[in-house]
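Work through the exercises below with the structure open. Try each task before reading its solution.

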Amino acid sequence: MIVIDYSGVAIAAITGFKEDLQRDEEHVANLIRHVVLSTIKNYKKKFKKEYGNELVIAVDSAPYWRKAIFPHYKAKRKKSREESDIPWDLIHKYMRLVLEDIREHFPWKVIAVQSAEADDIMAVLAQEIAVRNGKTDSLLDTDDAPEKTVIISSDKDLKQLMTHPNIRCWSPYQEAYAKLDEPVKMFLRRLILKGDPGDGVANCWSPSDSFVTGVRQKPATEKKMQPLLEAANMLDAAEDEMLKQRIVENTRLISFSGIPKHLRQQIIDAYYVEPTGSKMKILKYFAKNDMKRMLDDLDDF
């Protein structure tokens, strides 16, 4: 199974054409359509021999459940985009339109569940669907290894899914498989303790709203973290109630074990909905949108 983080992969590809994004809207619309479809097609072609022909596109669906329990979640991301010279409104507009085209014409599964992020979808697919698909009904075969799955995303949080060699993460930015220098358990604990600046999550020794108030965080040094990393239970090793509280807060935001059960079930249900697209629909779509170059690669879609 090939699982793609739609927003992450599309934005990484689109922003590589920064000068073209300053041109007229029609040009930008055509650019985004070509870039997004070409990028997804290229990933499928690259990975299908090892991970199979099934391609799943994971989509963010705001407002996110994490925002409901932590109002400062990703708060600074909106401000940084407002200060950017990249036409984000235009990009998001046509990314949405291309996504609808994919739903209608292409034989790929598109999963979007209200309040879930693409990360949540990829986590459930790796933790539950890949395991189910890997099981066999044969009484003679006891290999219950998860289905070979590649997750295409540059989000470092997804490394916590690498609990089995059959589940790997490919980073579009690094153009390489993600690597772990320590066991997954240690990686996740370190991530919880240090927080995630990209999502506005402060380290456990600092106030949770540090990124919003601008207060300087207390350093999460290796010396501070080591007793917690080595403990049987981090909460038991926490030196005071405030640190315990912050560990609990960050764990819920960062660990995929915190994904609400009802969202997990909705993601599973969405996975089993078959796509309606086909090669014939793709052919008509390319013809309608004057995408003649794509016709030569029809079999790769």
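**Exercise 1. Trace the pairing around β5.**
Find which strands pair with β5 and in which sense.

*Solution.* The model is predicted. Start with strand β4 (residues 149-152): four bridges join β4 to β5, and the two run parallel. For one register point, take V150; its bridge partner in β5 is R168. Next, look at strand β6 (residues 176-177). β5 and β6 pair in the antiparallel sense over two bridges. Here W170 has Y177 in β6 as its bridge partner. Now inspect the connection. β5 and β6 form a hairpin with four residues between them. In that turn, E175 has a positive phi of about 55°. Last, check the cover on β5 (residues 167-171): four of its five residues are buried.

**Exercise 2. Place β2 among its partners.**
Which way do the residues of β2 point, and are they buried or exposed?

*Solution.* Take strand β2 (residues 55-58). L55 and I57 point one way. V56 and A58 point the other way. All are buried. Then add the partners. Strand β1 (residues 2-5) runs parallel to β2, joined by four bridges. I2 stands opposite L55 in β2. Strand β3 (residues 109-111) also pairs with β2 in the parallel sense, over three bridges. The bridge partner of V56 in β3 is K109.

**Exercise 3. Classify a helix crossing.**
How are α2 and α5 oriented to each other?

*Solution.* Get the geometry. The axes of α2 (residues 25-51) and α5 (residues 88-105) come within 9 Å and cross at roughly 50°. Apply the cut-offs: angles under 35 degrees count as roughly parallel, and 65 to 115 as roughly perpendicular. The crossing angle falls in neither range, so α2 and α5 are oblique to each other. The crossing is right-handed. Now list the contacts. From α2, the residues include V28, I32, V36 and I40. From α5, they include L90, Y94, V98 and I102. By class, the contact of α2 with α5 has twelve nonpolar, no polar and four charged residues.

**Exercise 4. Describe the setting of F187.**
Is F187 buried or exposed, and which residues does F187 touch beyond four places in sequence?

*Solution.* Locate the residue: F187 lies in helix α7 (residues 184-194). Its relative accessible area is 10%. The cut-off for buried is under 20%, so F187 is buried. Leaving out residues up to four places away in sequence, F187 touches K156, D157, K159, Q160, L180 and E182. Finally, compare with K93, one of the α5 residues in Exercise 3's contact. F187 and K93 are 94 residues apart in sequence and 36 Å apart in space, C-alpha to C-alpha.

Definitions and conventions
Residues are numbered from 1 along each chain as its sequence is written. This is a predicted model: local features need pLDDT of at least 70, side-chain atom pairs count only at pLDDT 80 or more; totals for chains, interfaces and linings use all residues. Side-chain values use heavy atoms; hydrogens and water are left out. Axes are lines fitted to C-alpha atoms, for helices over the stretch in contact, and angles run from 0 to 180 degrees between N-to-C directions. Angles under 35 degrees count as roughly parallel, over 145 as roughly antiparallel, 65 to 115 as roughly perpendicular and the rest as oblique. A crossing is left-handed if the near helix is turned anticlockwise from the far one by less than a right angle, and right-handed if clockwise. Contact means heavy atoms within 4.5 Å. Ala, Val, Leu, Ile, Met, Phe, Trp, Tyr, Cys and Pro count as nonpolar, Asp, Glu, Lys and Arg as charged, and the others, Gly among them, as polar. Buried means under 20% relative accessible area, exposed over 50%, partly exposed in between (1.4 Å probe, protein chains only). Two strands pair if DSSP finds at least two bridges between them.
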